[in-house]
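Trainee: I should like a close look at the aromatic side chains of this model and at the nonpolar surroundings in which they are placed. Please take them together in one connected account.

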Amino acid sequence: MSDSSILPPARLRPEAELAHDALSTPVLSRAARLARWAGPDTRVDAGAGLVDEQLPAAAAELGLTGEDAAADASEAWRVAVDTGLVEVVDEEEGTVTAGDGLGVLTGGSPQDVLGVWLAALETVLDDASVPDLDGLADALAEGEGPGEIDFDALGWDPEAEAEFLDGVLGNLYLLTVGGEDADGTMVPLPALAASVIVPEDMAEPTDDVLERISDAMMRLDDQFRMLEPAGLVEYRPVDEALMADADEEPAAPVDDTDVARYGMVRLTPLGLYGLRARLLEAGFEAPAVGDLVDKGADALLDGTADFPPAAAHAETAQWLDRRDPLQAARELLAAARGADQGAPLRRLRCQQALSLVGTAAEPALREVLDDPELGGLARVWLAEHGAADVPPPSEALIFWLTIDTVAAQLAAEGNSEELRSLVEGLARQHGGFFDTAWRVEHPATADVLEAMGRLHPDKRIAKEARKAAFKARSQHGS
């Protein structure tokens, strides 16, 4: 995925709702609590971390117990420092004071609060890219100088590890924004690991690739356990009972019945917001539903051309909510005209948009009954809405509308099963369809007839379609 890729649109929750979610995350709420707890006697080391003597008190303030309490308190403090909730005021003395970020959490705008949360997320993502450092002492000992880490001895490539996690989260984002469920569906951990490891042209993964997937699953299990408290994901961990030995990695699931035991993950609404912000920062074009509400009808129809159906519906509904229904219908119809390659799909999106307007659009549809490009669309809409006195279409208009409709479906879905069924129905319902269709004065006639020849399962009919396509190209000199 290059930084010039245009991603499907994200359907984001309102910022006020997301800010509330951000304040409720354990990572940010713990950091804020420690920022309020800190006082004149709080001491930090040279790296701005809490000195060891104060970690038990910090853990107690957060209600943390157990062997990981000090480490969790230290992480919460690091988030507080990184997000500006606390600031070091005297490096030599190691003293701190409340930072500007703390005031943002209580009195800032939702966008300001989300900015603090994004900074906290970066800290957690950095931590999640660091492996288990049990071998850190040996790696430090083998470093070239004091305090330097021999990454080879540690078996850790920081850039590769961060890139791997970014790739996984990028694929999770794509699965979320490309789905019909605005909240995202749970994704099996093996499938997510495989999505960044298995080459696209590999039919069956090799034993080596399967071993890499298994290793990646274990890394991701640890990482998602860390990312869940940040509010990025909802995570169902790998079932520890699958591992016969604590040092062994589980094999990939053999069927779908137990796939959930191997870990399931999905982005939260807050996580979707966070990953989109990171993608935008990295230079990706990552649209969100609502981006087009202030633009014209031409931008709406072109912009939603490649949207998934649910996202196109949501974007169009928001656009219509800001406009007078009749005026909006007239703008949509005007934008749907054209003989360019994208025009058929624009007319399809226009028809779908007009279905949301309701009967208030009827005058606008009647105004274009004689329009050669919109008259067929208008008749279909008026008939579907039970309008009276709708003039019947001519045969030429019926064939033009048929070509336009198939061209739009080709652009929207490619060679889908729905389009195959449409092609079969057309050939079955209209005897001698191809004898007339090649004469239709539509820019997409030849392409549509070629597609029908490619899609129709009956060899005889498919041959007729190809012959008609040849005639159409000959007629238009193309």
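Mentor: Arg219 is placed over the face of Phe164, at 4.1 Å from the ring centre. The model is a predicted one. As for contacts between rings, the structure contains three aromatic pairs. One of them joins Phe224 and Tyr235 in a tilted arrangement, with 5.5 Å centre to centre and 45° between the planes. This pair links distant parts of the chain, since Phe224 belongs to helix 11 (residues 207–227) and Tyr235 to strand 4 (residues 233–236), eleven residues apart. Phe224 has a relative accessible area of 0% and is therefore buried. Tyr235, at 6% relative accessibility, also counts as buried, because the limit is under 20%. Another pair, formed by Phe433 and Phe434, is edge-to-face: the centres are 5.3 Å apart and the angle between the planes is 85°. Both of these residues are buried, and together with Phe399 they form one aromatic cluster.

Phe224 also leads to the nonpolar interior. The largest nonpolar core has 75 residues, and Phe224 is among the members that touch the most others, along with Leu85, Tyr173, Leu227 and Val233. Helix 6 (residues 110–128) gives the most to this core, namely nine residues. Apart from it lies another core of 27 residues, which includes Trp400, Val406, Val440 and Ala444. Within the largest core, Leu85 is one of the members with the most contacts to other members. Leaving aside residues up to four places away in sequence, Leu85 touches, among others, Leu28, Ala80, Leu102, Leu105 and Val116.

Technical notes: Residues are numbered from 1 along each chain as its sequence is written. This is a predicted model: local features need pLDDT of at least 70, side-chain atom pairs count only at pLDDT 80 or more; totals for chains, interfaces and linings use all residues. Side-chain values use heavy atoms; hydrogens and water are left out. A nonpolar core is a set of buried Ala, Val, Leu, Ile, Met, Phe, Trp, Tyr and Cys residues joined through side-chain atoms within 4.5 Å. Buried means under 20% relative accessible area, exposed over 50%, partly exposed in between (1.4 Å probe, protein chains only). Helices (H or I, at least four residues) and strands (E, at least two) are DSSP runs, numbered from the N terminus. Contact means heavy atoms within 4.5 Å. Rings of Phe, Tyr and Trp (its six-membered ring) pair if their centres lie within 6.5 Å; planes under 30 degrees apart count as stacked, over 60 as edge-to-face and the rest as tilted. A charge sits over a ring if NZ of Lys or CZ of Arg is within 6 Å of the ring centre and within 35 degrees of the ring normal.
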